[in-house]
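Here are my notes on the model you sent, set out as numbered points so that each can be checked against the coordinates in turn.

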Amino acid sequence: MPLPNFDAAGCIRLPAPGSARVPKGVTTAWMQLRGTSTVQCQEGTFLLRRGDWILLDGASQPRLQTDHLAICMGLYLPSNHAFYPGRGRMWRDEMQIAVRLWRRTGVVPDGKVMAREDLRPLVLLMADLQRDICIAANRCPGRSIKQRAPLMATLQRTRLYLEGHTLLDHKVDDLAAFAGLPPRYLSRVFHAVYGLSPLSFAGRVRLDHAVRLLREGEMTVDQIAVTVGYKHRGTLLSALRAHLGLGRMDRIADVVGPSRPEVRELMLDASVI
């Protein structure tokens, strides 16, 4: 991907299958409209499924790889953009709007970067997709948006780092080094913005990852427990009950719905209920 003109927005469509590498200093936003793409960047590794979006700042230097069915559309943003790093999912109506807006831009050749004059609607859509992040930014220390923005961007990058490294045993000192903030200050402002300490958020990310693995049904509960950092399946299942808000007699299988009978039988085992 060549270095774009920072004075204007541009767009790129990744080929299917294909790949792209974004150079340092370029802020990009990606929308997955079909299939899946893998994003590897400074914040970790992310799998984009249909309806997912991710925005990465100039320090991320992402590399994207698409599958053979993928449609992944990207925006590169001018240097004076007002977006935060982050990721999320589009609702069905937002997905329909995104598809219509991309079609309105005309045909973008696969793998070609094009500066456009008609991308304002897509940029506004991306701003709307970041509404929850902007609400959280109001809880960030600072008297004005201009004062809060740099710290909020750092917190969002740290959050992405936790989401992109689900298998790491995170330490506050390591996270503080990544964020470039004192450990106590990072813990305080992270909790103020997101309502959780960095390590508590990391634990929630691991449990969310466990739920996804259970729903996919390709691994046993024992394998998933080890993958997300638990020594025993019983400990994992107890943590999942608290995470999912289930009572003692509620069945995790009814919520997670794993596809493999082997997993379902284990989830219904009386010893873990």
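The points below begin with the chain as a whole, then take up the helix packing, and end with individual residues.

1. The model is a predicted one, and the remarks that follow should be read with that in mind. The secondary structure of the chain amounts to 11 helices and 10 strands. The chain has 273 residues, of which 45% count as buried, and its accessible surface is about 14100 Å², with 51% of that area belonging to carbon and sulfur atoms. When contacts between residues at least 6 apart in sequence are considered, 67% of them join residues at least 24 apart.

2. Helix 1, residues 92-104, packs against helix 2, residues 120-129, at an angle of about 160°, and their axes are 10 Å apart. The angle is over 145 degrees, the cut-off for this class, which makes helix 1 roughly antiparallel to helix 2. The crossing of these two helices is left-handed. Helix 1 contributes Glu94, Ile97, Ala98, Leu101 and Trp102 to the contact, while helix 2 contributes Pro121, Leu122, Leu125, Asp128 and Leu129. Sorted by class, the residues of the contact of helix 1 with helix 2 comprise eight nonpolar and two charged ones, with no polar residue.

3. Within that contact, Glu94 deserves a separate look, as a charged residue that lies in helix 1. Is Glu94 buried or exposed? Its relative accessible area is 7%, under the 20% limit, so Glu94 counts as buried. Leaving aside residues up to four places away in sequence, Glu94 touches Arg89, Leu125, Asp128, Leu129 and Arg131. Among these partners, Leu125, Asp128 and Leu129 belong to the helix 2 side of the contact described above.

4. Leu129, which is placed in helix 2, is a partner of Glu94 and is likewise worth inspecting. With a relative accessibility of 9%, Leu129 counts as buried. Outside the residues up to four places away in sequence, Leu129 touches Met31, Trp53, Met90 and Glu94. For one of these, Met90, the C-alpha to C-alpha distance from Leu129 is 7.3 Å, although the two are 39 residues apart in sequence.

5. Helix 4, residues 145-164, and helix 6, residues 183-194, have axes that come within 11 Å and cross at roughly 90°; helix 4 and helix 6 are therefore roughly perpendicular to each other. On the helix 4 side the contact is made by Leu151, Met152, Leu155, Gln156, Thr158, Arg159 and Leu162, and on the helix 6 side by Tyr185, Leu186, Val189, Phe190, Val193 and Tyr194. The contact of helix 4 with helix 6 has 10 nonpolar residues, together with two polar and one charged.

6. Helix 6 also meets helix 5, residues 172-179, where the axes come within 9 Å and cross at roughly 85°. That angle makes helix 5 roughly perpendicular to helix 6. The contributors from helix 5 are Val172, Asp173, Leu175, Ala176 and Ala179, and those from helix 6 are Pro183, Leu186 and Ser187. By class, the contact of helix 5 with helix 6 has six nonpolar, one polar and one charged residues. Leu186 appears on the helix 6 side here, and Leu186 is also listed in the contact with helix 4.

7. Two backbone features in loops should be checked by eye. The peptide bond from Ala16 to Pro17 is cis, with omega near -10°, and Pro17 sits in the loop between strand 1 (10-14) and strand 2 (18-21). Gln61, in the loop between strand 6 (52-56) and strand 7, has a positive phi of about 50° although it is not a glycine. Gln61 counts as partly exposed, at 27% relative accessibility.

8. Which residues does Asp67 touch, when those up to four places away in sequence are not counted? They are Ala16, Pro17, Gly35 and Thr36, so that, by this contact criterion of heavy atoms within 4.5 Å, both residues of the cis peptide bond are partners of Asp67. Asp67 itself lies in the loop between strand 7 (63-66) and strand 8 (71-77), and with a relative accessible area of 23% Asp67 is partly exposed. The C-alpha atoms of Asp67 and Thr38 are separated by 8.5 Å, the two residues being 29 apart along the chain.

Notes. Residues numbered from 1 in each chain as written. Predicted model: local features only at pLDDT ≥ 70, side-chain atom pairs only at ≥ 80, totals over all residues. Heavy atoms only, no water. Axes fitted to C-alpha atoms, helices over the stretch in contact; angles between N-to-C directions. Helix = DSSP H or I, 4+ residues; strand = E, 2+ residues; numbered from the N terminus. Parallel < 35°, antiparallel > 145°, perpendicular 65-115°, else oblique. Left-handed = near helix turned anticlockwise from the far one by under 90°. Buried < 20%, exposed > 50% of the residue type's maximum accessible area, 1.4 Å probe, protein only. Areas by Shrake-Rupley, 256 points an atom, 1.4 Å probe, with all protein chains shown as cover.
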